[in-house]
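Q: I am new to this structure and would like a close look at a single part of it, taken slowly. Please begin with how far the model can be trusted, and then turn to the nonpolar core and what surrounds it.

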Amino acid sequence: MLVLILASFAAGVQNALAGGGSFLTFPALLFAGLDPRAANIASTIALFPGQVTTGLAGRAQVSGAEGLSFRTLLWISLVGGALGAVLLLVTPVSVFTRLVPYLVLFATVVFAWGSFFRKPPSHGAKPALDRRAAAVVQFFIAIYGGYFGGGIGILMLAALTAAGLGVRVAGATKNVLAAVMNASAVVIFLVQARILPWSLIACVAIPAIVGGQIGAHLLHRVNEKVLRIAIVCIGVALTVGLFVTN
């Protein structure tokens, strides 16, 4: 419990500063005794309140992209997140357990690429994604978000900037869309999941909310690059550990 609480507090701080908090809560829930699918569901539910507060904080800056209204993006994210959650629930635990190392590896690579290698679009350049392409990409990101979710912030930031949004507006928009897609996933999990580890969820949710508030105050005082390097290292270690144990 102590490890879980400390990891969740750090996850809340991390989400507020640079994203990637699930890289801390997911392995902590595995350590607490949950199977990978249950740990993924519990992490999604527990981190959701913090995502809502983060999304609300920047709601004034949200915007549509490349001919897509924000309302359209919202509905795409809502439907995609619900579909991803349903796919997760119908995936047998044994199958999901075998998939997890690859999902964590993918999320780690995406996070590293977005943190250190992705080049921001040049000012005045034509958007790389047109209206239809942006809608399709967002839909698949939402499905992935409802199913696993690691790295969705980086994926959406890349997609929204490719669709013509500035980085700050894209950041605020992806925070709201992440909360929306996880809202649909959380509802599906609450309705369909037979047994939920509420004591463990509470041990993640409360410290994560507190950590998120502290992280917001530390936003301009902490070296973000160091945090991102730490997240990548955790992702690599978790990937190696999952491949070895599987």
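What pLDDT does the chain average, and what percentage of the residues score at least 70?

A: This is a predicted model, and its chain averages a pLDDT of 83, with 92% of the residues scoring at least 70. Among the elements of the chain, helix H4 (residues 70–90) has the highest mean pLDDT, 94, whereas helix H10 (residues 224–245) has the lowest, 77.

Turning to the core, the largest nonpolar one holds 64 residues, and within it Phe26, Leu29 and Phe148 touch the most other members. Helix H5, which spans residues 93–117, gives the most to this core, contributing eight residues. If residues up to four places away in sequence are not counted, Phe148 touches Phe26, Asn40, Phe96, Leu103 and Val104.

Two of the residues named for the core, Phe26 and Leu29, also appear beside serine 43, which is in contact with them and with Ser22 and Thr25 once its neighbours within four places in sequence are left aside. Serine 43 lies in helix H3, and it counts as buried because its relative accessibility is 4%, under the cut-off of 20%.

Helix H3 (residues 36–57) also gives the largest share of the lining of the second largest pocket, namely four residues. That pocket has a volume of about 320 Å³ and is lined by 13 residues, of which Arg37, Leu89, Ala193, Arg194 and Ile195 lie nearest its centre. By character, the lining divides into nine nonpolar residues, one polar and three charged.

Definitions and conventions
Residues numbered from 1 in each chain as written. Predicted model: local features only at pLDDT ≥ 70, side-chain atom pairs only at ≥ 80, totals over all residues. Heavy atoms only, no water. Core = buried A, V, L, I, M, F, W, Y, C linked by side-chain atoms within 4.5 Å. Buried < 20%, exposed > 50% of the residue type's maximum accessible area, 1.4 Å probe, protein only. Helix = DSSP H or I, 4+ residues; strand = E, 2+ residues; numbered from the N terminus. Contact = heavy atoms within 4.5 Å. pLDDT = per-residue confidence, 0-100. 1 Å grid on protein atoms, 1.4 Å probe; cavity = no way out; pocket = protein on both sides within 12 Å on 5 of 7 lines; lining within 4 Å. Points joined across faces, edges and corners; volume = space filled by probe spheres on them. Nonpolar A, V, L, I, M, F, W, Y, C, P; charged D, E, K, R; others polar.
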